[in-house]
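Please open the structure in a viewer and keep the sequence beside it. The tour below proceeds from one selection to the next.

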Amino acid sequence: MPKNLVIVESPAKAKTIEKFLGKDFTVKSSFGHIRDLTKKGMGIDLESFTPSYEVSPEKTKVVSDLRAAAKSADMVWLASDEDREGEAIAWHLEEVLKLKPEKTKRIVFHEITKNAILKAIDNPRDVDRNLVNAQQARRVLDRIVGFEMSPVLWKKIKSGLSAGRVQSVALRLVVEREKEIREFTSISTFKVAAQFLTSTKDLLPAKYKTEFSQLTEAKNFLEACQNANFSITDIQKKPSVRQPSAPFTTSTLQQEASQRLGYGVSTTMRLAQSLYEEGFITYMRTDSVNLSQEALTHAESFITSNFGGQYSRKKQYVGKSANAQEAHEAIRPTDFTLKTVPNAVLNPLYQLIYKRTIASQMTPAQLEKTKVEISASEIQDVFEAEGEILLLDGFLKVYGYGGDEKSMDVLLPPIQNGENLNYVKITAQERFSRPPARYTEAGLVKKLEDLGIGRPSTYAPTIQTIQNRGYVSKDEVAPNTRKVETIVLEDGKISQSEEQESYGGDKNKFVPTDIGVVVTDFLTTNFSEILDYGFTARVEQEFDDIASGHGNWQEMLDGFYKKFHPKIKTVEEHADRATGERLLGIDPKSGKNVITRISRFGPVVQIGDGEGEEKPLYASLRTGQNMASLTLEEALDLFKLPFDLNPVDSLPVSVGVGRFGPYVKWGENYISVPKGEDPLDINQKRAEELIQDKKIADAPISSYKGDPITKGSGRFGPFIKYKDIFINVPKKYDFENLSQSDITELVEAKLEKEANRFIQQWEKEKIAVENGRWGPFIRFGKKMVKLPRKEDGEKYESEELKTVSLETVRGWLKEAGELTDKPEAKKASVKKASAKKPVGKKPATKKPIVKKTAVKNIPSKPKTSR
């Protein structure tokens with residue numbers, strides 16, 4: 001049995017480290033945290049702020065294995081990551097496994113290489129309780145905020161919502177940016193550009209320095225230019241230097257990967273994690289731009305041997321963060337001679353890190369900028385032409401500039417001071433000022449970092465959380481159009497034209513949802529301090545102080561909670577419900593108010609206020625619509641759907657809007673309306689065209705054992721259909737040209753998989769025990785329910801589950817809270833609103849509120865998040 005046990009948090013990391021250590025070492029993984037705050041209740045003693053931890057059920061076997069391995073080892077080496085989260089993992093392992101101090105050592109390293117691992121073993125230390133306490137402070141504070149604020153949102157807005165100390169501030173940034181865009185008033189000006197002809201018959205492009213606010217001013221200017229005599233009145237040449245950027249931190253890597261590779265923040269971190277665990281790069285959660293002396297020496301040697309000494313410039317960068325404590329070095333390659341990695345998925349990100357690191361140690365780029373002024377006696381200001389020549393590429397030889405690694409030269413033709421020029425074409429075009437841009441994922445990370453909110457380990461989870469909660473989306477924003485005036489002077493004549501310009505459209509950028517806006521408005525009104533950017537940054541500073549040993553974490557939490565908890569009580573008792581209600585106008589048919597608001601089913605339009613006997617009409621907003629910009633006309637159009645058309649082939653036809661967008665329903669078939677097509681414009685002819693297209697698409701392409709095979713494309717990609725079974729078609733098949741052998745192979749593979757899917761099935765009760773990707777589970781209706789473990793902590797095997805009775809499975813469902821012996825109260829059925837059938841209930845806000853002294857039962861664990 002090996003004398004030494006090394007425990008890391010990742011199996012991939014364990015596999016890499018094991019290569020470097022001899023037979024006296026065994027390396028095991030804890031698979032992340034082995035315990036967390038208890039799930040029942042808050043899990044925190046609010047008198048002493050002592051957290052209550054429990055080992056999660058799925059980690060019972062892991063803990064059992066690690067405890068046995070630790071017991072038989074002479075020495076246990078805790079080798080989790082070097083940040084606060086990693087330090088906490090090491091401490092939890094020490095506590096749960098009951099490791100003896102004399103048999104336990106903590107080792108840290110920021111790269112997984114043989115030298116780094118052996119050096120760490122030669123320099124062990126104890127678990128740093130300051131780092132652990134900083135992590136505990138963050139975890140406890142975030143649990144308190146989420147646990148106490150989330151129920152307030154359930155009560156005042158709608159159930160299922162969540163709040164978090166960092167997530168709510170990130171959401172506020174997105175909401176405020178969207179409000180800036182909506183309130184922005186665009187101003188138009190006319191900008192003038194010209195093409196001049198030099199004495200050598202070369203074209204010289206230039207721009208007029210003055211802009212005109214009126215069309216008449218621009219036209220008068222071009223009239224003045226008609227007979228003007230232009231000449232070059234000044235030529236200035238100045239040297240310019242472009243400096244390389246510092247090596248990557250977590251946030252700058254996320255930003256650059258977004259700009260150059262199009263990666264989202266989560267994708268970047270997942271790939272970087274793999275690169276780190278496979279030993280290709282240093283630790284990827286860091287806010288330091290520092291490079292070790294060893295790295296600086298290796299970079300210098302590589303640059304000198306590959307590009308020459310004139311390209312090398314050793315430099316140590318200084319970061320903006322005074323508390324760069326997440327790690328001690330920037331993200332860099334572990335081996336400067338390794339230009340690519342063998343994994344094609346990881347290689348693009350590795351290349352980015354590799355080139356950025358090398359470029360940071362290279363000389364600046366040397367440029368020469370030329371500015372030319374062109375004047376005429378008939379005009380007041382001057383035209384300017386600019387050129388740029390790259391004299392020495394320096395770091396650009398490796399890294400390029402702005403994502404473009406091609407030549408940067410903007411060459412000007414041969415010219416002389418005093419040279420006369422002839423205009424070829426002068427154009428005055430209307431241009432509109434633009435609102436601030438919406439945030440991309442990387443842009444939001446940069447803003448959070450600039451404000452001092454969050455740390456490298458929290459950026460990606462925060463951004464993922466606000467998306468998962470449905471507070472923001474990255475749906476495409478359709479552009480608007482506007483008229484643009486253009487005046488052209490050419491061949492001595494002035495012409496004027498009008499064109500259409502698209503504006504305001506966006507893709508892959510954060511747009512707050514209606515519920516996101518209502519939640520933010522409610523929180524900023526009632527919890528202004530928690531949502532304050534400065535407060536959140538100060539809390540991060542306090543965590544940093546605790547990590548460096550200059551603060552008491554429980555005292556810090558006590559000071560926070562004494563102010564926070566009374567505010568919760570005040571808001572619960574006195575704050576009004578928040579619905580984001582907005583009056584759109586009057587319904588011309590009924591004379592009733594038309595409003596839009598948040599209901600318990602999401603954003604809706606409502607006709608009528610529920611006063612009197614007649615109930616209001618409700619309609620849900622369509623995809624792409626929002627409460628802030630919805631017009632009365634658009635709102636009333638929602639009540640026109642669904643509508644019926646004439647039957648086709650004796651089957652009823654209707655047009656409506658569903659969860660996945662507008663559709664034509666033909667019998668039991670739902671046919672998606674093409675993107676950009678308004679369902680209200682669909683008439684009988686168009687519906688029949690879509691139905692015919694559906695018939696062609698659904699026509700059998702083959703058969704299997706006498707039954708037809710059809711094909712189509714759905715939400716999850718291309719598929720073929722056999723009987724009632726949908727079979728996804730992987731990319732390795734040519735979907736447009738599937739052969740009979742392809743079809744047979746796909747169908748038989750699916751049938752074999754389906755045959756092995758069910759371990760037991762009770763169709764009448766809609767209960768089944770199935771084999772899943774991660775092991776057996778219970779399917780109850782459409783829900784997937786986790787199986788409990790056996791008494792010894794082991795998981796059930798498929799063979800054991802073949803003899804389990806229905807009553808046993810029902811018992812498991814009851815324990816999981818999915819099944820109850822009590823008869824369920826009948827839920828009021830909600831019919832789709834239409835102009836013909838008024839449905840709905842009076843708004844909850846109109847009912848008198850009766851205060852109760854009893855405490856209302858709420859779920860034991862609200863959603864919490866950083």
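How many bridges join strand 28 (residues 707-714) to strand 29 (residues 717-722)? Six bridges join strand 28 to strand 29, and the two run antiparallel. Two strands count as paired if DSSP finds at least two bridges between them. The strands themselves (E, at least two residues) and the helices (H or I, at least four residues) are DSSP runs, numbered from the N terminus.

Before continuing, please note that this is a predicted model, in which local features need pLDDT of at least 70 and side-chain atom pairs count only at pLDDT 80 or more, while totals for chains, interfaces and linings use all residues. Residues are numbered from 1 along each chain as its sequence is written, and side-chain values use heavy atoms, with hydrogens and water left out.

**First stop: two hairpins**

Keep strand 28 and strand 29 selected. They form a hairpin with two residues between them, and Gly712 stands opposite Phe719 in strand 29. Next, add strand 30 (residues 725-728), which is joined to strand 29 by four bridges in an antiparallel arrangement. Here Tyr722 has Ile725 of strand 30 as its bridge partner. Strand 29 and strand 30 also form a hairpin with two residues between them, and Lys723 in the turn has a positive phi of about 55°.

**Second stop: a sheet with helix 19**

Select strands 23 to 26. These four strands form an open sheet in the order 23-24-25-26, with antiparallel pairing. At its edges are strand 23 (643-648) and strand 26 (669-672), each of which pairs on one side only. Neighbouring strands of this sheet are turned by 30° against each other on average, direction ignored; such angles run from 0 to 180 degrees between N-to-C directions, and axes are lines fitted to C-alpha atoms, for helices over the stretch in contact.

Within this sheet, strand 24 (residues 651-658) and strand 25 (residues 661-666) pair over six bridges in the antiparallel sense. Val653 has Trp666 in strand 25 as its bridge partner. Now add helix 19 (residues 684-698), which packs on the sheet and touches strand 23, strand 24, strand 25 and strand 26. Contact means heavy atoms within 4.5 Å. The direction of helix 19 makes about 55° with that of strand 23.

**Third stop: a sheet with helix 22**

Select strands 31 to 34, an open sheet of four strands in the order 31-32-33-34, again with antiparallel pairing. Strand 31 (758-762) and strand 34 (783-785) each have a single partner strand, so one side of each is left without a neighbour in the sheet. Strand 33 (residues 777-780) pairs with strand 34 over three bridges, and Phe780 stands opposite Lys783 in strand 34. Helix 22 (residues 806-815) packs on the sheet, and its direction makes about 90° with that of strand 32 (767-770).

**Fourth stop: Asp83**

Select Asp83, in the loop between strand 7 (75-78) and helix 3 (84-96). Is Asp83 buried or exposed? Because its relative accessibility is 3%, Asp83 counts as buried; buried means under 20% relative accessible area, exposed over 50%, and partly exposed in between (1.4 Å probe, protein chains only). A polar atom of the Asp83 side chain lies 2.9 Å from the backbone nitrogen of Gly86.

Note on methods
A polar contact is a pair of N or O atoms within 3.5 Å; within protein, one must be able to donate a hydrogen and the other to accept it, and residues adjacent in sequence count only if both atoms are side-chain atoms.
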